[in-house]
Amino acid sequence: MTDLRTRFRTFDRVPTPDYWSDALNRAGGDMDAGAPDRRLLAVIVALALVAAVGGAVIVGGGLLPMPGPSATPGPTEPSECPVPSGTPSPSARPSVAAGPLDISWEAVTGIESTASIYGMAFADDQWFALGMRDLGGSGEEDGTQDAAIWRSDDGRTWVAAEIRAVDAEGDYSVVHDLVDVDGVLVAIGSWGAMQSDQLAWVTWLSTDGGATWTESRDTPGPFGAMQAITPGGPGLVAAGWTYAGTIPYDSYFVTSRDGMAWDEVGAPLVAAAVHGLGALGERLVAVGVDWTDPPLAYEAQPTAWYSDDDGETWTAVELPGAAPDNLDHPQDVVPFNDGLVAVGGSMDVGSWITPDGETWERFDVALNAAFGAGAALDGALVAVGNTPLAGGQEIGPGVTWTSRDAQSWSAGPVLSEGGVGLRAVAESDGVVVAGGTCDRVDPCQAVMWRGEVVR
Amino acid sequence: VTTTVAESAVSTDVESVYRADGVRLWRALYAFSGDEDVASDAAAEAFAQALRRGSAIRDVRSWVWRTAFKLAAGDLKERGRLSAGPVPEAAVLDPHLDDELVAALHGLTPQQRIVIVLFYYADCPVAEISRRTGMNALAVRAHLSRGRRRLRDLLGDDR
């Protein structure tokens, strides 16, 4: 069978209209830059006649659109997906050696490079990598993955845990996060049928130190995907989305004493997505985005919420953002300076600190030389002592960043030259393990790295 | 007609995005919707809204892509054609297209279709798809994973 990407190239043969003048008319016709140039009127008429008679012009074996009635040259033939330009090579950055942490990294090759790592944890004196693994042997290209948990004593040698799944056939499932509750390991995640946009919640429990896991989809409460979990409330507090494939969706909170029985608490956060959960003493703090009253149509407002009653009621705090179309959405939150720090973003990378979950200060860290224009931080964040360490990627390569003050950040060395986005990171006793997902169809050399803090 | 320097700069920026991305955006919308009218309307309206909003938008490219796909999805929803279903007649008759692929695309859910089109046609990596759709990267990967598998099933590819 012809490669999928090749088959999609057939869309390149479709003649495309020049719709710039239509856009200008819709915009009100008062945008000078794109106004029709009357000097070209004769040419336009001629071209229109040619187009009416002859249609598209064959150029280089493909069909190109005829120029439309506008001074603006018609759109050019597309090339590769344009991504932000001007990104300096992370490896060339002088800040690599100037960061608050000097970490010696090594690629972990024992875990299959087709794995996708979405969560990382250190619990019960072991490392856990969470996510999904390929069942077909040739990568995510096949679309045959299932939830997976790997464990390791040293972060170098990993073994896949046994998961007693409800249904391994035909479903999508992924593990997102994990906590230890008095010796019982509780993992949360999402699952969904293949022919659906919906994601539902799922939990996995292990009572033998993570060797075997029992999956449960028989969870009370609303339908939704479990995204974040933290010790708190009666034992555990988790946040999920009522995700059915469309934006906006709602978020809700559930609590549990033991990870087995769950109860929904409070009312859902309508038109909001909780990405990360943390705690400051008895206060629970969530970070994410809110779509209720965006500063710009179709966008979202970075938001934090806090609760002083175990999640029954939540108070929203609008986080200061960079611009109305900002993409600096907080993706996770960890302890910092007796308070919390949240980071996240895609191109517009933001960092917020709070002493109490209620008052937040934002740093436009995208201005730091450490972040290129294509930097994306999707939720890999851990506190190494009092130093936040964030993982992400620079368009393609996986990179980590550290900061002493959450304001000035330094990029670490490039961990992968290929397209690997670091999505999870954990730390214990000076050892850091980071994992991610291979972003391209091309095989990645590794999706996990182990680092030791040298200083 | 008079405009401020700032407005001119904004429209120039929008125009440059149009020149660079206009064709690919339109074709991606066509692949998603199977309808030239939906693609043209969504693409033109997205650029128009970008022009109207002026300097409030810093990353015009991402914003236009996000908005165009939302407008196209909204249009299809109004027409009752958003969900998986038969291929629009015009797409069936389009001699430029791979009939099997078009039919398979319309067997996907709307979100799977958007993500698949951006990944395979627009060649965008996951982080860029996230920027261009406003979806969280987790959701992008979920749709991509399920969409790939479903697409291969529909195309009869057992690999």
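Colleague: Which residues lie nearest the centre of the second largest cavity?

Modeller: This is a predicted model, and in it A:Asp378, A:Gln393, A:Gly421, A:Arg423 and A:Thr437 lie nearest the centre of that cavity. They belong to a lining of 13 residues.

Colleague: Nice. How much space lies in the second largest cavity?

Modeller: About 80 Å³.

Colleague: And which elements supply at least two residues each to its lining?

Modeller: Both chains take part. From chain A you have strand 25 (375-384), strand 26 (387-394) and strand 29 (420-428), and from chain B helix 7 and helix 8 (137-155). Strand 29 of chain A gives the most, with 3 residues.

Colleague: How does the lining of the second largest cavity divide into nonpolar, polar and charged?

Modeller: It has 5 nonpolar, 4 polar and 4 charged residues.

Colleague: Stepping back, how many cavities of 30 Å³ or more does the structure hold?

Modeller: There are 3 of them. The largest has a volume of about 270 Å³. Its lining counts 23 residues, and the closest to the centre are A:Leu327, A:His329, B:Ser130, B:Gly134 and B:Met135.

Colleague: Which elements of chain A and chain B each supply at least two residues to that lining?

Modeller: Strand 17 (272-280) and strand 22 (339-346) do so from chain A, and helix 3 (60-78) and helix 7 (126-133) from chain B. By class, the lining of the largest cavity holds 10 nonpolar, 8 polar and 5 charged residues.

Colleague: Let's switch to pockets. What volume does the largest pocket have?

Modeller: About 950 Å³. It is lined by 40 residues, and A:Met120, A:Asp177, A:Ile229, A:Asp332 and A:Leu381 are the closest to its centre.

Colleague: Which elements give two or more residues to the lining of the largest pocket?

Modeller: They are strands of chain A: strand 4 (116-123), strand 9 (171-181), strand 13 (225-232), strand 17, strand 21 (332-336), strand 25 and strand 29. You've met some of those names already: strand 17 also supplies the largest cavity, while strand 25 and strand 29 also supply the second largest cavity.

Colleague: And the residue classes in the lining of the largest pocket, how do they divide?

Modeller: There are 25 nonpolar, 9 polar and 6 charged residues.

Colleague: What about the second largest pocket, what volume does that have?

Modeller: About 300 Å³. Of its 16 lining residues, the closest to the centre are A:Thr246, A:Ile247, B:Lys70, B:Ala73 and B:Gln111. Helix 3 and helix 6 (110-121) of chain B each give two or more residues, and helix 3 has the largest share, with 6 residues. The classes here are 8 nonpolar, 5 polar and 3 charged.

Colleague: Before I set anything up, what is the mean pLDDT of chain A?

Modeller: It is 80, and 77% of the residues of chain A reach 70 or more. Among the elements of chain A, strand 20 (residues 315-318) has the highest mean, 96, and strand 1 (residues 57-59) the lowest, 31. Over residues 32-71 of chain A the pLDDT is below 50, though that stretch has 50 contacts in the model beyond near neighbours in sequence. Residues 85-97 of chain A are also below 50, with 27 such contacts. Where pLDDT is low, the predicted coordinates should not be read in detail.

Colleague: Good to know! Last one: how many helices and strands are in chain A?

Modeller: Chain A has 3 helices and 31 strands. Of its 455 residues, 57% are buried. The accessible surface of chain A comes to about 17,300 Å², and carbon and sulfur atoms account for 51% of that.

Key
Residues numbered from 1 in each chain as written. Chains lettered and ligands numbered in written order. Predicted model: local features only at pLDDT ≥ 70, side-chain atom pairs only at ≥ 80, totals over all residues. Heavy atoms only, no water. 1 Å grid on protein atoms, 1.4 Å probe; cavity = no way out; pocket = protein on both sides within 12 Å on 5 of 7 lines; lining within 4 Å. Points joined across faces, edges and corners; volume = space filled by probe spheres on them. Helix = DSSP H or I, 4+ residues; strand = E, 2+ residues; numbered from the N terminus. Nonpolar A, V, L, I, M, F, W, Y, C, P; charged D, E, K, R; others polar. pLDDT = per-residue confidence, 0-100. Contact = heavy atoms within 4.5 Å. Buried < 20%, exposed > 50% of the residue type's maximum accessible area, 1.4 Å probe, protein only. Areas by Shrake-Rupley, 256 points an atom, 1.4 Å probe, with all protein chains shown as cover.
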